[in-house]
Amino acid sequence: MLPILQVKQLHKQFKRLKAVNGVSFEVPEGICLGLLGPNGAGKTTTVEMLEGIKTPDKGAILYRGKPLGDEFKNKAGIMFQSTALQDFITVQESLELFQCLYPDVSDLQQVIQDCALGDFLDQDTASLSGGQRQRVLLAIAMVNDPDIIFLDEPTTGLDPQARHNFWRLIEKIKQQNKTIVLTTHYMDEAYRLCDEIIIMDHGKIIAEGTPGDLLSKHFNDVVIQIPVSVSLETILGLLEGQGKLSFSRNQDRFEICTSDVNQTVKLLLEANISLSGLQIRERTLDDLFLELTGKGLRQ
Amino acid sequence: MRWQRFVSILRARDREFLRDRSALAWNIIFPLLIILGFAFAFTGDQVNQYKIGVIEQHEDALLTFYTTDYIQFIPIEESEKVLAIDKVKRHQLDMLLDARLKRYWMNDSSPSGYMLEKVLAGSGGEAYQKQLVQGEQIRYVDWLIPGVLGMNMMFSALFGVGYVVVRYRKNGVLKRLKATPLNALEFLSAQVVSRLWLIMAITSGVFIGCNLLINFAMHGSYLNLFLVYVLGAFSMVSMGLIVAARVKSEEMAGGLLNMLSWPMMFLSGVWFSLEGLHPWIQKLALVFPLTHITQAARGIMLDGASLSAILPNLVALLVMSIIFLLLGVLLFRWE
């Protein structure tokens with residue numbers, strides 16, 4: 001089946017900065033693709049080229065096998081990282097305005113219901129809260145009954161509750177079999193929503209696949225976390241010096257990566273280390289990114 | 001071009017402007033304040049000097065009348081005689097004296113003319129023949145109104161389009177619209193039409209309001225005046241599009257718009273006549289749309305000028321509008 005979007009060898013340079021450097025991938029229809037990367041990785045520039053907002057210096061983007069054109073504009077829903085709406089316009093009027101710009105449109109009442117806008121339809125868009133505003137922008141991205149929806153860091157700046165509410169909205173959209181391209185630097189968001197992810201750094205793709213595949217491909221271990229104490233650091237240092245384990249500090253915890261939990265716990269007990277507060281966690285996309293680039297996702 | 005998209009953008013822009021009460025009020029109050037202020041400042045008997053135009057004074061240079069204090073004698077060329085008689089009709093001159101023909105012209109409704117006639121008769125001018133003219137007095141405020149209305153249009157057009165589109169670009173509204181099927185022509189047309197009708201509505205309101213308050217002179221055709229202001233507003237809005245085409249910062253846009261509007265405000269003959277200025281400045285003034293708006297509107301309102309009389313101004317405005325519009329559209333970038 002023809003992918004809904006094919007991206008071939010995209011390049012984009014701003015003065016001396018190579019923002020995107022030879023990026024190629026395909027987006028199968030109906031999936032949610034996550035573009036992950038730290039700030040400045042090139043994901044927003046990549047997405048803006050996919051959206052037709054920026055023109056690539058080199059490379060090609062094909063929508064259903066054809067270069068981006070009117071058909072793409074009619075069937076793409078876009079939610080930018082930061083978008084202002086016209087002043088002194090209500091939510092209802094904003095939705096109607098954007099709906100009038102497209103030849104084929106969604107049922108507006110359904111969009112309003114899906115995005116839970118009913119309570120503030122007559123409110124000026126300038127007076128909305130962050131969460132309400134993002135829902136309005138998502139609704140605007142939906143007014144043309146799009147085949148493909150681009151969401152550029154849609155939950156940045158939202159409180160946890162608003163973010164979870166927003167995730168539920170995206171899950172509803174996924175159920176409608178629409179294709180979603182989501183950029184984010186929250187990996188819990190990517191892990192929950194994305195069927196496939198692409199990790200970018202320095203304008204290049206450094207890993208791609210399903211979240212599960214990527215994690216299992218790069219890791220076969222888990223992380224043992226123990227609360228930080230001075231005496232513990234000394235002992236762990238000795239064990240590391242003997243080549244028995246390696247550890248790192250992550251905020252208020254020491255982290256020991258191991259593929260044999262029993263053996264490691266036994267070692268800690270033999271060294272008279274208290275296991276009080278010990279936690280075991282699975283590898284995350286944060287770990288993957290750290291592994292691949294040497295830096296955290298939010299750096 | 002799809003009308004539905006054009007109308008949607010037009011309606012959104014209209015709503016934005018009409019709901020911004022402070023901006024709307026300022027657009028109406030600003031010209032009213034200026035006109036009323038000048039009407040107040042130039043009403044009354046503050047002017048204590050009489051003005052007499054004199055043709056070929058050397059023909060009767062010994063007339064003692066010329067030595068009278070508090071009278072300003074203004075030399076008039078023979079070729080300017082008809083114009084000078086018109087000024088007597090409008091009370092812009094209290095009297096016109098032709099020393100060679102031994103005649104004087106005065107307005108039968110001018111108290112100053114009456115006084116000067118008595119002084120002339122008692123100062124060796126008994127032989128001069130009287131020529132009566134009739135006409136209403138043209139007050140400074142009458143002279144001012146056509147230009148002030150044009151000036152208000154200029155600010156509203158330049159800032160209402162130039163500044164607003166730059167703000168849209170800066171805050172991402174244009175970027176969002178670019179992602180839709182809307183094209184630049186549809187967007188810009190909607191901006192032009194929205195601002196055009198709003199300007200005309202506001203100008204009409206100010207015109208009617210001022211007329212009710214100070215009953216200014218209007219001798220020509222309302223339709224012709226409407227045409228001048230529509231074309232004038234169109235040229236100004238189009239000029240605003242050029243500023244809006246590429247600029248990304250509101251500060252830069254503000255600077256450019258001030259750079260355009262201030263010279264126009266002072267060199268287009270809104271506040272004072274350009275006669276007497278250096279010829280090069282008079283020529284420079286002709287590149288400003290506001291000069292043509294002011295000249296044409298003043299001609300219609302004060303002299304009752306016909307369409308053919310103001311044709312050069314209309315053609316200039318039309319040509320400027322087309323050039324500005326083409327440049328604005330060709331240079332326009334969404335981001």
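Strands here are DSSP runs of E, at least two residues long, numbered from the N terminus. In this predicted model, B:Y70 sits in the loop between strand 1 (50-55) and strand 2 (71-76) of chain B.

**Chain A overall**

Chain A holds 11 helices and 14 strands. Its C-alpha atoms fill a box of roughly 70 × 45 × 40 Å along the principal axes. Of the 299 residues in chain A, 37% are buried. Contacts reach across the sequence: among those between residues at least 6 apart, 72% join residues at least 24 apart.

**Two positive phi angles**

Most residues other than glycine have a negative phi. A:H202 is not a glycine, yet its phi is positive, near 50°. B:Y70 is not a glycine either, and its phi is about 60°. The table sets out both residues.

| Residue | Phi | Loop | Other C-beta atoms within 10 Å |
|---|---|---|---|
| A:H202 | near 50° | between strand 9 (196-201) and strand 10 (204-209) of chain A | 15 |
| B:Y70 | about 60° | between strand 1 (50-55) and strand 2 (71-76) of chain B | 8 |

**Exposure**

Is A:H202 partly exposed or buried? A:H202 is partly exposed, because 15 other C-beta atoms lie within 10 Å, and a buried residue needs 20 or more. B:Y70 has 8 such neighbours within 10 Å, so B:Y70 counts as exposed. The cut-off for exposed is 12 or fewer.

Each residue thus pairs a positive phi with a loop position: A:H202 in chain A, B:Y70 in chain B.

Technical notes: Residues numbered from 1 in each chain as written. Chains lettered and ligands numbered in written order. Predicted model: local features only at pLDDT ≥ 70, side-chain atom pairs only at ≥ 80, totals over all residues. Helix = DSSP H or I, 4+ residues; strand = E, 2+ residues; numbered from the N terminus. Contact = placed C-beta atoms within 7 Å.
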